[in-house]
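Reader: I'm new to this structure and would love a close look at one part of it. Could you walk me through how a pair of helices packs together, and then show me a few other spots worth finding?

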Amino acid sequence: MELTFEERLAGLVEASLDGRDPGREELAWLLQAPDERTLEIVSAVSRVRFAAFGRRVKLNLLLNIKSGLCPEDCHYCSQARDSKAPILSYPMVGEETFCAAAERARELGATRLCLVASGRGPTEREVAQVARGVEAVKAADGAMEICACLGLLSDGQAEQLGEAGVYAYNHNLNTSESFYDAICDTHTFADRQETVGRAREGGLSPCSGALFGMGESDGDVLDAGYALRAIEPDSVPINFLIPIEGTPLAGVNQLTPQRCLRILAVFRLLFPRAEVRIAGGREVHLRSLQPLGLYLANSIFIGDYLTTKGQAAEADLAMIADAGFEIEGGGPPQEREGELAEVALKQAVLD
Ligand code: SF4
């Protein structure tokens with residue numbers, strides 16, 4: 001007898017809660033579900049989120065420590081070699097900027113600071129510079145979790161970063177192995193897998209996710225999901241393409257808020273206990289459905305992205321509170337909280 005929609009959905013959720021593979025065919029079915037069933041999907045899959053994370057939302061602040069001038073050609077990236085996007089280009093920032101960003105993270109209630117540098121991979125000098133910046137941050141606030149994202153790692157670099165106080169290393173697989181050539185010619189999917197392996201072997205917590213909306217098929221979404229599952233990341237950022245003018249993917253817009261939610265549901269089911277983070281493109285693609293994303297993901301970036309603006313941090317904090325979630329680590333210091341709520345209220349009245 002054919003299973004009903006509700007029964008198939010419940011089967012997926014039970015498998016994920018039991019730590020079993022929910023099954024590629026079933027996940028493909030979920031991705032294809034009609035838009036009008038999206039709320040039921042969010043509601044059912046939220047059980048997996050609540051089982052591991054309760055109502056907690058982890059906040060991450062991103063600092064672009066080196067921008068532009070990249071020799072690589074990732075088609076989605078405004079900092080790529082062939083990009084014509086008008087972005088700021090600058091060499092690696094100094095320790096004081098690392099510390100100022102950590103201070104801002106603290107003020108907003110973010111517990112992780114993500115340090116992102118453009119480029120194929122860091123030079124020895126750059127690793128030493130990041131290490132100095134991280135040591136300065138940790139000296140001021142030992143509890144601030146640091147994630148570095150510096151591109152492809154060479155032997156020994158993960159260990160150096162770890163010694164300086166870096167906790168995690170981000171390197172996304174981005175898409176499926178078979179679609180990879182369509183989005184980048186200068187390095188391979190295998191290069192990316194290797195760097196995630198180096199980060200783990202070097203003692204760093206692996207953070208690796210994907211980017212959707214670049215023309216990939218449902219099969220690519222699932223291949224990317226299973227390739228990530230195979231490398232067992234501790235955190236999985238899910239990005240939705242911001243089609244930046246001046247990049248080869250300008251004008252590409254294949255996502256709807258409902259599709260983004262189904263993709264997030266698939267990743268929550270594949271990663272029941274890993275941190276699933278809604279990363280770039282949240283505001284552009286989930287739009288007014290952003291709060292529903294919190295029922296699937298347990299982590300977001302607060303503030304701006306690498307070269308694009310995010311929603312005002314105050315609006316993010318208000319969204320989390322309004323939806324009844326709690327910020328991991330307690331949120332902004334109490335005196336800031338009142339101030340931020342006031343800003344959010346004024347913005348809502350003025351906008
Ligand atoms: S994603 Fe990273 S490696 Fe690729 S072009 Fe952008 S900065 Fe360079």
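Author: Here is a walk through one helix pair, followed by a few single residues and the ligand. Please keep in mind that this is a predicted model.

Let's start with the pair. Two packed helices are described by the angle between their axes and the distance between the axes. Here the partners are helix α1, residues 5–17, and helix α3, residues 38–53. Their axes are 10 Å apart, and the packing angle is about 10 degrees. Angles under 35 degrees count as roughly parallel, and α1 and α3 are therefore roughly parallel to each other. As for handedness, the crossing of α1 past α3 is right-handed.

Which residues make the contact? On the α1 side, look for Leu9, Ala10, Val13, Ser16 and Leu17. On the α3 side, the contact is made by Glu40, Ile41, Ala44, Val45, Arg47, Val48 and Ala51. Sorted by class, this contact of α1 with α3 has nine nonpolar residues, one polar residue and two charged residues.

Now move along to helix α10, residues 257–270, where you will find Leu270. Leu270 has 22 other C-beta atoms within 10 Å, and a residue counts as buried at 20 or more, so Leu270 is buried. Setting aside neighbours within four places in sequence, Leu270 is in contact with Pro22, Gly225 and Arg229. Lys66 is another matter: from C-alpha to C-alpha, Leu270 and Lys66 are 33 Å apart in space, and they are 204 residues apart in sequence.

Two loop residues are also worth finding. Most residues other than glycine have a negative phi. Glu232 is not a glycine, yet it has a positive phi of about 45 degrees. You can spot Glu232 in the loop between α9 (218–231) and β7 (235–240). Arg287 also has a positive phi, near 45 degrees, and is a residue other than glycine. Look for Arg287 in the loop between α11 (282–286) and α12 (290–293).

Are these loop residues buried or exposed? A residue counts as exposed when 12 or fewer other C-beta atoms lie within 10 Å of its own. Glu232 has 12 of them and is therefore exposed. Arg287 has 11, so Arg287 is exposed too.

Finally, turn to the ligand. Around it you will find Cys70, Glu72, Cys74, Cys77, Gln79, Ala80, Ser118, Arg120 and Gly151. By class, this shell has four nonpolar, three polar and two charged residues.

Conventions:
Residues are numbered from 1 along each chain as its sequence is written. This is a predicted model: local features need pLDDT of at least 70, side-chain atom pairs count only at pLDDT 80 or more; totals for chains, interfaces and linings use all residues. A residue is near a molecule or strand if its C-beta atom, placed from the backbone, lies within 6 Å of it. Ala, Val, Leu, Ile, Met, Phe, Trp, Tyr, Cys and Pro count as nonpolar, Asp, Glu, Lys and Arg as charged, and the others, Gly among them, as polar. Axes are lines fitted to C-alpha atoms, for helices over the stretch in contact, and angles run from 0 to 180 degrees between N-to-C directions. Helices (H or I, at least four residues) and strands (E, at least two) are DSSP runs, numbered from the N terminus. Angles under 35 degrees count as roughly parallel, over 145 as roughly antiparallel, 65 to 115 as roughly perpendicular and the rest as oblique. A crossing is left-handed if the near helix is turned anticlockwise from the far one by less than a right angle, and right-handed if clockwise. Two residues are in contact if their C-beta atoms, placed from the backbone, lie within 7 Å.
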